[in-house]
Amino acid sequence: MAATTPSTQVTPILRVAIPAPLRRLYDYLPPAELECQLISGVRVLVPFGPRHVIGMVMSIETTSELRLNQLKRVSRIVDSEPLLQDSLFQTLTWAAAYYQHPVGDVFHTALPVKLRRGDPCFAEPEIFYSLHPQCCIATAQQHLKRATRQLALLQFIARQTSGVTSGTISKQGFQPSLLKKLLARDGYLLATKVNQSFTAKTRLALKSNRQGIKLNTSQQQALNQINKAQGFQTFLLHGVTGSGKTEVYMRAMEPHLLAGRQCLLLVPEIGLTPQTMQRFEQRFSCYVVSLHSGLTDTERLHAWRAASSGRADIIIGTRSAVFTPMPRPGLIIIDEEHDGSFKQQDGFRYSARDVAIKRAHAEDIVIVLGSATPSLESMNNARRGKFILLGLPDRAGGAKSPTLRILDIAQSQLEHGLSETLVLRIEQHLNLGNQVLVFVNRRGYAPVLQCKTCAWISECDQCIARMTVHTRPPELHCHHCESKLPLPHTCPNCGSTDLSTLGTGTQKLEEFLKLRFDKVPVIRIDRDSTRSRRRLHDLLDTIKSGNPSILLGTQMLAKGHHFPAVTLVAIVDADMGLFSADFRGQEQMAQTIVQVAGRAGRADRPGEVLVQSRHAHHPALSNLVQLNYADYAHLLLAERKTGKMPPFSHLALFNVESPEREAACRFAVTLAKLTQQQQDPTVETLGPVPAPMEKRAGRFRLHLQIKSFNRSALQRVLRAVCKEADQLRLPTKVRWSLDVDPTEML
Ligand code: ADP
Ligand code: ZN
Ligand code: ZN
């Protein structure tokens, strides 16, 4: 073999993104034994400090700032082809720059845990079970008379036109042993190995079961507009609750699915609305996968592979599903686009809605944002013509929109937070055989425990916040740092036994409602009562039975559910949003009230919504009753404009924290100085100031707000500040982070 002289050959250098805190890339030499061509977009295993980590090759270079003999070698190249398509790779690179977050960590966040650890991205062949062609169900019924579960499983498999995996079978609640027993019987089941990489043959013929639903005029007009769009376009589908938005999503998906393209649907919390998944599965005979936090790492990887290989036709998922690869993308939909859960609040602080829009742009496809209460950002984008506004002003299928009324409780005696008028209305609705929904935005028994002798109150020693009283088990919980203490019987300060609770949480209200209405079930739905998914499903099933009952709960009840028997919605306390420290307080209050109200009267029985308030004449409330959401939103937008707040300006928030207040202060001041040194008159620096929650989980917190009317100026300053801050030696225990377009300023 002819030897090449090293001097004439340029050594390629791999520039690698690594999940590490600094905003930079790291150079490596190729592995000692190179078996394939060097390309970017593949994962590599590299030595990093004392560890080995999985990184992503961003580019192949010919020079490095370091000398060649200072560079380490890549230990292993994991993928033989780029892991993600170009469009997704670009979207992630854009997101890293936009959110000023280390690109290695962005890729890390975007991938399923198993891929972060270096698992292969291609899939093992999977086994699909279907009914054996010779199996006769009638005969099987005779044979399996005594094995009812086996028969049930056989019947389930028989109903699936394209076979099912053992995963799907166990998700339906069948024990693995049942499948084994059926397989052991001759001529019942057929097991087929299917390679998971997409081939035209494995594709099913798409069937859409429209269930006889005929679109109404507004739905049809919205659909026509969406169908007409060519290439990238953002639509804002503003439809009142129950107006048939989901129906429009499904119809908009049809042509894409027929043409073999994939559709991505992002939803706030899939675990809460298992109906969503079922609706899409019942409508389309195609492969629907879901991606959400309830999956195991293996399930998540399977779903990711199904999407990435092109096998999955519909992908339904929560926030991080926005990063799911799709080789044949057709349409992206974001349901409840205003929902706070689309924003990640730690680590890589991205907005899945904004990333999705960028992604649709990179894919050159249509994206639809749907909501009954669109965010002010989206309303404004529609007004500016950046988004096309589609309206569904009426409820579908003849249901009437509920009437909203404020109950002035400024002078009322309250019993556990409820006025007598409200209690009587609840009684009347129950007597008519209906269901009532009571909304309280506080879980636990009561928000505070107080000593009547010395005025001691239950504060968390790790946070500047009160600890909530919980009764089962009797404990104090801090909802900010999750610390817990046994419920004291005597005052820790003065020893008095005269302790009492202040305010009302869901548990206290449950206790009261159960006593007051002892003939109907009281179904409490909050984070504590639904720790297990099974339990949540059971509770939702009880509600669906339609029998008179009281549903009591937090935000969890407000999201997307369809409760046809609910005719009264009672909002116990509307006042929290009125005086919020956060500039989004009123927007969020209005969204919550309108969404909760939307659970009333969704079927043939008309609905009523009662909102208790001590400030019934506050314009923020009275306007909400008198105006529709769009007009209300425009009022709020006008206020934001006057106040020069987003979306009329752009915000970024530095958060600096440390167990020592002084250390956090000093570093926050350093960051402020760095910002001012950029000397950009269009960029305003506010602070540093103590965060509204000044101490959390034992750490003091400071905020530095950066604001500008000019997005690119803001970006430039943030980039420069982050770059310099990365060079600084961070004092021990000081941590800092940056949130671009923050949605929570606590
Ligand atoms: P949204 O997503 O806006 O809350 P859905 O799509 O869930 O509304 O629709 C609410 C209910 O109305 C569902 O039961 C749905 O099947 C029904 N529905 C939707 N569109 C129509 C229509 N055009 N005609 C009759 N019923 C409809
Ligand atoms: Zn005391
Ligand atoms: Zn705490």
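## A walk through the predicted model

Let's start at a loop: Glu-336 sits between strand 12 (329–335) and helix 12 (352–363). Its backbone is a bit of an oddity, since phi of Glu-336 is near 55°, a positive value in a residue other than glycine. For context, most residues other than glycine have a negative phi, and most peptide bonds are trans. Keep in mind as you look around that this is a predicted model.

That second point about peptide bonds leads on to two prolines. The bond from Pro-646 to Pro-647 is cis, with omega near 5°. Pro-647 belongs to the loop that runs between helix 19 (629–642) and strand 28 (650–658). The other cis bond to look at goes from Gly-687 to Pro-688, and here omega is near 10°. Pro-688 is found in a strand, namely strand 29 (residues 683–696).

Now zoom out to the whole protein. DSSP-style bookkeeping gives 21 helices and 31 strands. The radius of gyration is 29 Å, close to the 27 Å that the globule rule gives for 746 residues, so the protein is as compact as a globular protein of that length. If you would rather think in terms of a box, the C-alpha trace spans about 95 × 80 × 55 Å along its principal axes.

With that many strands, sheets are a good place to go next. Strands of a sheet pair through backbone hydrogen bonds, either parallel or antiparallel. Let's take a parallel case: six strands make an open sheet, and their order is 15-27-26-18-25-24. At its edges you'll find strand 15 (403–408) and strand 24 (522–525), each of which pairs on one side only. From one strand to the next, the twist averages 20°.

Inside that sheet, look at strand 18 (residues 435–439) and strand 26 (residues 566–571), which run parallel and are joined by five bridges. A handy landmark on this pair is Val-436, which stands opposite Leu-568 in strand 26. There is a helix to go with these strands, too. Helix 17 (residues 585–597) lies across strand 15, strand 18, strand 26 and strand 27 (608–613), and runs at about 155° to strand 26.

For an antiparallel case, try the open sheet of three strands in the order 20-21-22. Strand 20 (468–470) and strand 22 (484–486) are the edge strands, each with a single partner strand, so one side of each is left without a neighbour in the sheet. Here the twist averages 30° from one strand to the next. Strand 21 (residues 475–477) pairs with strand 22 in the antiparallel sense over three bridges, and His-477 stands opposite Lys-484 in strand 22.

Next, head back toward the start of the chain and find strand 4 (51–61). Strand 1 (residues 13–17) pairs with strand 4 in the antiparallel sense over five bridges, with Val-57 in strand 4 as the bridge partner of Val-16. Strand 3 (residues 43–48) also pairs with strand 4 in the antiparallel sense, this time over six bridges. On that side, Arg-43 stands opposite Met-56 in strand 4. Strands 3 and 4 form a hairpin with two residues between them, and Gly-49 in the turn has a positive phi of about 60°.

Arg-43 and Met-56 are worth remembering, as both turn up again in the lining of the largest cavity. Rolling a probe the size of a water molecule over the atoms shows where empty space is left. So how many cavities of 30 Å³ or more are there? The count comes to one. The space in the largest cavity is about 90 Å³.

And which residues line the largest cavity? They are Ala-17, Pro-19, Arg-43, Ile-54, Gly-55, Met-56, Gly-104, Phe-107, His-108, Leu-111 and Arg-116. Strand 4 and helix 2 (103–110) each supply at least two residues of that lining. By type, the lining residues divide into six nonpolar, three polar and two charged.

Conventions: Residues numbered from 1 in each chain as written. Chains lettered and ligands numbered in written order. Predicted model: local features only at pLDDT ≥ 70, side-chain atom pairs only at ≥ 80, totals over all residues. Heavy atoms only, no water. Pairing = 2+ DSSP bridges. Helix = DSSP H or I, 4+ residues; strand = E, 2+ residues; numbered from the N terminus. Axes fitted to C-alpha atoms, helices over the stretch in contact; angles between N-to-C directions. Contact = heavy atoms within 4.5 Å. 1 Å grid on protein atoms, 1.4 Å probe; cavity = no way out; pocket = protein on both sides within 12 Å on 5 of 7 lines; lining within 4 Å. Points joined across faces, edges and corners; volume = space filled by probe spheres on them. Nonpolar A, V, L, I, M, F, W, Y, C, P; charged D, E, K, R; others polar. Rg over C-alpha atoms; globule rule 2.2 N^0.38 Å.
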